[in-house]
Amino acid sequence: MTYATHSPYFVEAQRFHQIRRLTRVRPDLTKPSKILVHSTDPAKVTTALDTFVRPEVIRNQLDSLLLSNLSEALFANAVGLVEGTTDKAVIEGVACRNGGKPLATNGVVIAAQSGKTSLIFPYEILKGLGIPVFVLFDTIMSGALLSEATANENLLRYLGAKVESWPAAQIYSNYGVLDDNLESVLSTGWPEWTQSVATLVSLGIGDPLKNKVLYGQATRDAEGTHPAVLDEIVSALRVLS
């Protein structure tokens, strides 16, 4: 039996190998389009991530990853992987500023994970299914923790980029590095955003700590000019789709 669906309820780890993602491509406008079939399975993912993610982590987290963190991403034209829900809220909010269209209109899904060390696993799944991926992470220079340096190195090695403990802030075609962290980018480069957060908190909208609803609303409402790097991220995501 075959199902054609956008429902994540038909996706589960035990039958992940049965999923086929079909995409239509037409690189030459003078020729008919082609249908490409993509698939992957836990064994392929485990082999590809041999030096990056322990096999038991893949076994234990695959089901929850598919049904939660990647439930929408599996059906997207392109996916942006970010470290957390506030990153997701800010990027989606920036896309809608100044009359911009939501990323969803391009079939782009921002999938929030649980930190930098959780980005490689979903990236490999999406790549295996033929879904273009852009991953965004920060350097977190503050404190210069060894664990952060190692995480940066592993992620860059997986992406096939130059391996550095503290990479410079830069946006590339398939990944982006933020200087220190997103909050510092916003607070130093967009003071109106900080004021927007304070105003919303005073009105009882959102927790003063990191809060996705608060960050999203503040990003959409803030006056002034947001940092150019945020536009670069949105542009890179739209191009992938």
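Is Y158 buried or exposed in this structure? I began with that residue, keeping in mind that the model is predicted, and I found that Y158 is buried, its relative accessible area being 12%.

Entry on the ring pairs. I next looked up the aromatic pairs and noted a count of five. One of them joins Y123 and Y158: I read a distance of 5.5 Å between the ring centres and an angle of 85 degrees between the planes, and because an angle over 60 degrees counts as edge-to-face, I entered the pair of Y123 and Y158 as edge-to-face.

Entry on where these two rings sit. I placed Y123 in helix α4, which covers residues 120-128, and Y158 in helix α5, which covers residues 146-159, so this pair ties together parts that are 35 residues apart in sequence. I also checked the accessibility of Y123 and found a relative accessible area of 9%, so I recorded Y123 as buried.

Entry on the cluster. Following the ring pairs outward, I noted that they link Y123 and Y158 with F52 into a cluster.

Entry on a further pair. I then turned to W193 and Y215, an aromatic pair that is also edge-to-face, with 5.1 Å from centre to centre and 85 degrees between the planes. I located W193 in helix α7 (residues 191-202) and Y215 in helix α8 (residues 212-221), and noted that the pair links distant parts of the chain, 22 residues apart. For W193 I found a relative accessibility of 5%, which counts as buried, and for Y215 I found a relative accessible area of 7%, so I entered Y215 as buried too.

Terms used:
Residues are numbered from 1 along each chain as its sequence is written. This is a predicted model: local features need pLDDT of at least 70, side-chain atom pairs count only at pLDDT 80 or more; totals for chains, interfaces and linings use all residues. Side-chain values use heavy atoms; hydrogens and water are left out. Rings of Phe, Tyr and Trp (its six-membered ring) pair if their centres lie within 6.5 Å; planes under 30 degrees apart count as stacked, over 60 as edge-to-face and the rest as tilted. Helices (H or I, at least four residues) and strands (E, at least two) are DSSP runs, numbered from the N terminus. Buried means under 20% relative accessible area, exposed over 50%, partly exposed in between (1.4 Å probe, protein chains only).
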